[in-house]
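This briefing covers one protein chain and is arranged by topic. Sequence and coordinates come first, and the notes follow.

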Amino acid sequence: MNETKNLGGRIDSYRRRYYTWRIVRGLLIAGVVGIGPWLALSAGAFYTKMDSGFRLSLLILYAVANAAVIALGIVRPWLQMRGWMKGMSRREAALRIGRYYPEIGDKLWNTLDLEESSHVGYSRDLVEASIEQRALWMRPFSFTAIIPWRRLRPYALMFLPFLISLLVIWFWVLGILGRSNRLDGRFPIDFVWSLGFQCSDAKW
């Protein structure tokens, strides 16, 4: 039964890795959706004359979009991984694994069938021996290796320019604050809040 338990653990490990992949993808998308529009809206508010109603509409749309990305891309797969929300079952995981490894797809599905069946009319020892033999045969196949980590590369490439831009702006603001602090001994925190949607008011 050790190999049988090991097979179930490997399927569960695949499910955890899959949800981890989805969470990482959600974080990258949240970074793009959070930083990119913020930079664009801040520049638009500074260089154009937007009325307060239009800016408020954009702010609400921005907040809703970010909340949706965080809820669907991060919170939901995390809850599914923790088992607090219905997610991928072992059978669904077996189907995914079987599509990647066609040579074990049927055997993996049948093994799960044998584990979940009542074994009526069959010797329990023979059924367990069959399950153990199938699980042992499938040991060389790595289930977690099929997680498509490389497919996250486009998301990372989209996120990096926005992150670099944000860091440049952040250090630039810190430099301005530091110079202002040396000049008059005060820390002009109001300047930080004047960035973004409020900066256009200062320009007017």
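R15 and D12 stand three residues apart in helix 1 (residues 2-47), a separation of about one helical turn. Helices here are DSSP runs of H or I with at least four residues, strands are runs of E with at least two, and both are numbered from the N terminus. The model is a predicted one: local features need pLDDT of at least 70, side-chain atom pairs count only at pLDDT 80 or more, and totals for chains, interfaces and linings use all residues. Residues are numbered from 1 along each chain as its sequence is written, and side-chain values use heavy atoms, with hydrogens and water left out.

**Salt bridges**

- Two salt bridges turn up in a search of the whole structure; the criterion is a side-chain nitrogen of Lys or Arg within 4 Å of a carboxyl oxygen of Asp or Glu.
- R15 pairs with D12 in one salt bridge, with 2.6 Å between the closest N and O atoms.
- D12 also forms a salt bridge with R90, where the closest N and O atoms are 2.8 Å apart.
- Because D12 lies in helix 1 and R90 in helix 3, this pair ties together parts that are 78 residues apart in sequence.
- D12, R15 and R90 are thus joined in a network of salt bridges.
- D12 is buried at a relative accessible area of 16%, while R90 is partly exposed at 30%. Buried means under 20% relative accessible area, exposed means over 50%, and partly exposed lies in between (1.4 Å probe, protein chains only).

**Aromatic rings and charges over rings**

- The structure holds seven aromatic pairs.
- In one pair, the rings of Y14 and Y18 have centres 6.5 Å apart and planes at 25°, so the pair is stacked. Rings of Phe, Tyr and Trp (its six-membered ring) pair if their centres lie within 6.5 Å; planes under 30 degrees apart are stacked, over 60 edge-to-face, and the rest tilted.
- Y14 and Y18 are both in helix 1, four residues apart, or about one turn of the helix.
- Y14 and Y18 are both buried.
- One aromatic cluster is made up of Y14, Y18, Y19 and W21.
- The charged end of R10 sits over the ring of F143, 4.2 Å from the ring centre. The test for a charge over a ring is NZ of Lys or CZ of Arg within 6 Å of the ring centre and within 35 degrees of the ring normal.
- R91 lies over the face of W109, with 4.6 Å to the ring centre.

**Helix 3**

- Which residues of helix 3 (residues 90-100) are buried? They are A93, A94, I97 and G98.
- Viewed down the axis of helix 3, the buried residues fall within an arc of 140°, so they line one face of the helix. The arc is taken from the directions from the helix axis to the C-beta atoms.

**N66 and A45**

- N66 belongs to helix 2 (residues 52-82) and is buried, with a relative accessible area of 15%.
- A polar atom of the N66 side chain lies 3.4 Å from the backbone nitrogen of G34.
- Leaving aside residues up to four places away in sequence, N66 touches A30, V33 and G34; contact means heavy atoms within 4.5 Å.
- A45 is in helix 1 and is buried, with a relative accessible area of 0%.
- A45 and R55 are 10 residues apart in sequence, and their C-alpha atoms are 7.8 Å apart in space.

**Overall picture**

- The protein has eight helices and zero strands, and from the N terminus on its elements run α-α-α-α-α-α-α-α.
- Of the 204 residues in the protein, 34% are buried.
- Among contacts between residues at least 6 apart in sequence, 78% join residues at least 24 apart.

Key: Polar contact = N/O pair within 3.5 Å; in protein donor to acceptor, adjacent residues only side chain to side chain.
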